[in-house]
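This report goes through one protein model residue by residue and region by region. Please look at the sequence and the structure first, then read on.

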Amino acid sequence: MTLRAIGFDLWETLITDTRDASRAQERLRLENMAAILGTTTEAIHAAYRSVWHHCQELYWSRDEDIPCRRQVEHFLEIAEIDADDDTIEQLEHAYAMAAVESLPSIVDGADHVIAELKRRGYRLGLISNTGRTPGYALRVILDRLGLSPHIDAMVFSNEHGVCKPQRSIFEALRARLGVEYDEMMFVGDNLYVDVHGAKSCGMLGVHFVPPQRGTAIAPPVEHGLEIVPDATISHLRQLSEFCDQAHAGVGAAEARSR
């Protein structure tokens with residue numbers, strides 16, 4: 001195997017939200033949506049919170065995803081509000097772009113690490129299970145944080161229609177990067193959706209366990225699997241050494257022992 005490409009999870013691997021940032025984003029969504037509807041944040045808060053659980057039950061727990069507009073339509077259904085297309089479009093913008101107005105933070109060292117890996121000639125990509133912030137908003141966020149220039153391909157679940165760990169979303173990234181599965185490594189903080197998803201396709205799977213995590217953490221899944229990553233790292237700068245080992249053809253067991 002020759003390592004040619006590295007894929008990354010997004011939330012809690014390259015970017016993160018603190019509790020304060022998450023609260024600010026929620027406040028922005030509620031205030032902007034309430035203003036569009038001519039009501040108060042208190043009047044729509046319960047429906048806003050219910051949408052997450054509704055989507056988790058209908059879609060995300062099944063590794064499916066939907067466009068952001070459908071989340072807004074579910075919100076209106078739960079709130080029992082009728083809205084025309086123009087209002088729905090305004091609501092979607094307010095719902096989707098809150099994290100653009102209150103930006104997430106870059107995970108410690110992520111910007112320097114991906115810049116270095118790019119300079120070394122690796123193709124870089126990412127896959128994100130998107131939640132409330134869809135792909136078109138995340139592209140703006142990544143651009144404003146200065147990460148976009150280093151990333152060759154981005155795949156977002158709300159656009160693709162399924163979530164990690166489904167094979168097709170990893171296949172979409174592989175195809176866009178123009179490499180084979182055994183030429184890829186995938187790095188993520190979730191042992192099941194990131195590491196298991198990648199290894200099921202034949203990629204190397206690296207588990208990133210940072211010292212401190214933010215609020216963008218996927219709900220736990222009862223999977224009953226024994227998932228053994230090819231490496232476990234606590235800082236993204238440790239990737240460089242593991243990439244050297246993988247590129248040189250060092251076996252996974254030997255790499256883990258170093």
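Asp189 has a relative accessibility of 10%, so it counts as buried. In this predicted model, Asp189 sits in the loop between strand β6 (184–188) and helix α10 (191–201). Its contacts, leaving aside neighbours within four places in sequence, are Asp9, Trp11, Glu12, Thr13, Asp194, His207, Phe208 and Arg213.

Two of the residues that touch Asp189, Glu12 and Arg213, come up again below. Glu12 belongs to the loop between β1 (5–9) and β2 (15–16). Its phi is positive, about 65 degrees, although Glu12 is not a glycine. With a relative accessible area of 2%, Glu12 is buried.

Asp63 also has a positive phi without being a glycine, with a value near 65 degrees. This residue lies in the loop between α2 (41–58) and α3. Asp63 is buried, at a relative accessible area of 15%. A glycine with positive phi is Gly121, which follows helix α6 and has a phi near 100 degrees. Helix α6 itself covers residues 110–119, and its buried residues are Ala110, Val113, Ile114, Ala115 and Leu117.

Another backbone feature concerns a peptide bond. The bond from Lys164 to Pro165 is cis, with omega near 15 degrees. Pro165 is placed in the loop between α8 (157–160) and α9 (167–177).

The table lists the loop residues described in this report together with their relative accessible areas.

| Residue | Relative accessible area | Class |
|---|---|---|
| Glu12 | 2% | buried |
| Asp63 | 15% | buried |
| Gly131 | 15% | buried |
| Asp189 | 10% | buried |
| Ala218 | 40% | partly exposed |

Gly131 is found in the loop between β4 (123–128) and α7 (135–144). What separates Gly131 from Arg120 in sequence and in space? The two are eleven residues apart along the chain, and their C-alpha atoms are 32 Å apart. Beyond its neighbours within four places in sequence, Gly131 is in contact with Trp52, Trp60 and Gln71.

Ala218 gives a contrasting kind of pair. Ala218 and Asn129 are 89 residues apart along the chain, while their C-alpha atoms are separated by 8.8 Å. Ala218 lies in the loop between β7 (204–208) and β8 (231–233). Its relative accessible area of 40% makes Ala218 partly exposed.

Next comes a histidine in a helix. His74 is part of helix α3, which spans residues 68–79. Is His74 buried or exposed? At 3% relative accessibility, it counts as buried. The side chain of His74 makes a polar contact of 3.5 Å with the side chain of His54. Not counting residues up to four places away in sequence, His74 touches Val51, His54, Cys55, Leu58, Tyr59 and Ile66.

One of the residues touched by His74 is Cys55, which leads to the cysteines. A disulfide is a covalent bond between the sulfur atoms of two cysteines. How many disulfides does the model have? The count comes to zero. The cut-off used is a sulfur-to-sulfur distance within 2.5 Å. The cysteine sulfur closest to that of Cys55 belongs to Cys68 and is 9.5 Å away, so it is too far for a bond. For Cys201, the closest cysteine sulfur is in Cys163, and the distance of 15 Å is again too far for a bond. Cys55 is buried, at 0% relative accessibility. Cys201 is buried too, at 7%.

The last topic is a pocket. The second largest pocket has a volume of about 330 Å³. Its lining is made up of 18 residues. Which of them lie nearest its centre? They are Thr16, Asp108, Gln212, Arg213 and Gly214. Arg213 is therefore a lining residue of this pocket as well as a contact of Asp189. Sorted by class, the lining holds five nonpolar, eight polar and five charged residues.

Notes:
Residues numbered from 1 in each chain as written. Predicted model: local features only at pLDDT ≥ 70, side-chain atom pairs only at ≥ 80, totals over all residues. Heavy atoms only, no water. 1 Å grid on protein atoms, 1.4 Å probe; cavity = no way out; pocket = protein on both sides within 12 Å on 5 of 7 lines; lining within 4 Å. Points joined across faces, edges and corners; volume = space filled by probe spheres on them. Nonpolar A, V, L, I, M, F, W, Y, C, P; charged D, E, K, R; others polar. Buried < 20%, exposed > 50% of the residue type's maximum accessible area, 1.4 Å probe, protein only. Helix = DSSP H or I, 4+ residues; strand = E, 2+ residues; numbered from the N terminus. Polar contact = N/O pair within 3.5 Å; in protein donor to acceptor, adjacent residues only side chain to side chain. Contact = heavy atoms within 4.5 Å.
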